[in-house]
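Trainee: I'd like to learn how to read a protein model. Could we go through one together?
Mentor: Sure, let's bring it up and take it feature by feature.

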Amino acid sequence: MDLLWALLTLPYAPVRGLTAAVKVVAREAESRQRNPVNVRRELEELDAAVAAGELTPDERDRAEQRVLDRLTGGVRRPPPRGPAREEGVRHDRRRAGPAA
């Protein structure tokens, strides 16, 4: 059965090989992108560019945020909406029924 399946799917072997190669390259690129040494180097380059007058502090802040977003996965939490809620206070919309 395995031999028959291998023969039937033989035309797709180059696609499977290419897919595997792309996954390896993508995994390596992501690991280099998230490497703390590379992130630190990029942040130091931004500071050097500001010191040399190539970037304004606002431009550096935006670029720094992009680097940090890349490091943290780009997860940003939206600002809270509505009135501030106190910790420990439960805000259920359900009404509590009579205690039985």
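Trainee: Let me start with one residue: is arginine 70 buried, partly exposed or exposed?
Mentor: A quick word on the source before that. This is a predicted model, where local features need pLDDT of at least 70, side-chain atom pairs count only at pLDDT 80 or more, and totals for chains, interfaces and linings use all residues. Residues are numbered from 1 along each chain as its sequence is written, and side-chain values use heavy atoms, with hydrogens and water left out. Now the idea: buried means under 20% relative accessible area, exposed means over 50%, and partly exposed is in between (1.4 Å probe, protein chains only). Arginine 70 has a relative accessible area of 22%, so it is partly exposed.

Trainee: What share of the residues of the protein chain counts as buried?
Mentor: Of its 100 residues, 8% do. The chain exposes about 9500 Å², and carbon and sulfur atoms supply 57% of that (areas from the Shrake-Rupley method with a 1.4 Å probe; for residues, only the protein chains shown count as cover).

Trainee: How many helices and strands does the chain have?
Mentor: Helices (H or I, at least four residues) and strands (E, at least two) are DSSP runs, numbered from the N terminus. Here you get 4 helices and 0 strands, and the pattern along the sequence reads α-α-α-α.

Trainee: At what angle do the axes of H3 and H4 cross?
Mentor: In general, two packed helices are described by the angle between their axes and the distance between the axes. Axes are lines fitted to C-alpha atoms, for helices over the stretch in contact, and angles run from 0 to 180 degrees between N-to-C directions. Helix H3 (residues 36–51) and helix H4 (residues 57–72) have axes that come within 10 Å and cross at roughly 180 degrees. H3 and H4 are therefore roughly antiparallel (under 35 degrees is roughly parallel, over 145 roughly antiparallel, 65 to 115 roughly perpendicular, the rest oblique).

Trainee: Which residues of H3 meet H4?
Mentor: Contact means heavy atoms within 4.5 Å. On the H3 side look for Val39, Glu42, Leu43, Leu46, Asp47 and Val50; they meet Arg60, Ala63, Glu64, Val67, Leu68, Arg70 and Leu71 in H4. By class, this contact has 8 nonpolar, no polar and 5 charged residues. (Ala, Val, Leu, Ile, Met, Phe, Trp, Tyr, Cys and Pro count as nonpolar, Asp, Glu, Lys and Arg as charged, and the others, Gly among them, as polar.)

Trainee: Which residue meets arginine 70 in a salt bridge?
Mentor: Side chains of opposite charge can pair when their charged atoms come close. We call it a salt bridge when a side-chain nitrogen of Lys or Arg is within 4 Å of a carboxyl oxygen of Asp or Glu. Arginine 70 pairs with glutamate 42 at 2.7 Å, N to O. Arginine 70 is in H4 and glutamate 42 in H3, so the pair ties together parts 28 residues apart in sequence.

Trainee: Which residues are linked in a network of salt bridges?
Mentor: Asp47, Arg60 and Asp61 are. Aspartate 47 bridges to arginine 60 with the closest N and O atoms 3.5 Å apart, and aspartate 61 meets arginine 60 at 3.4 Å.
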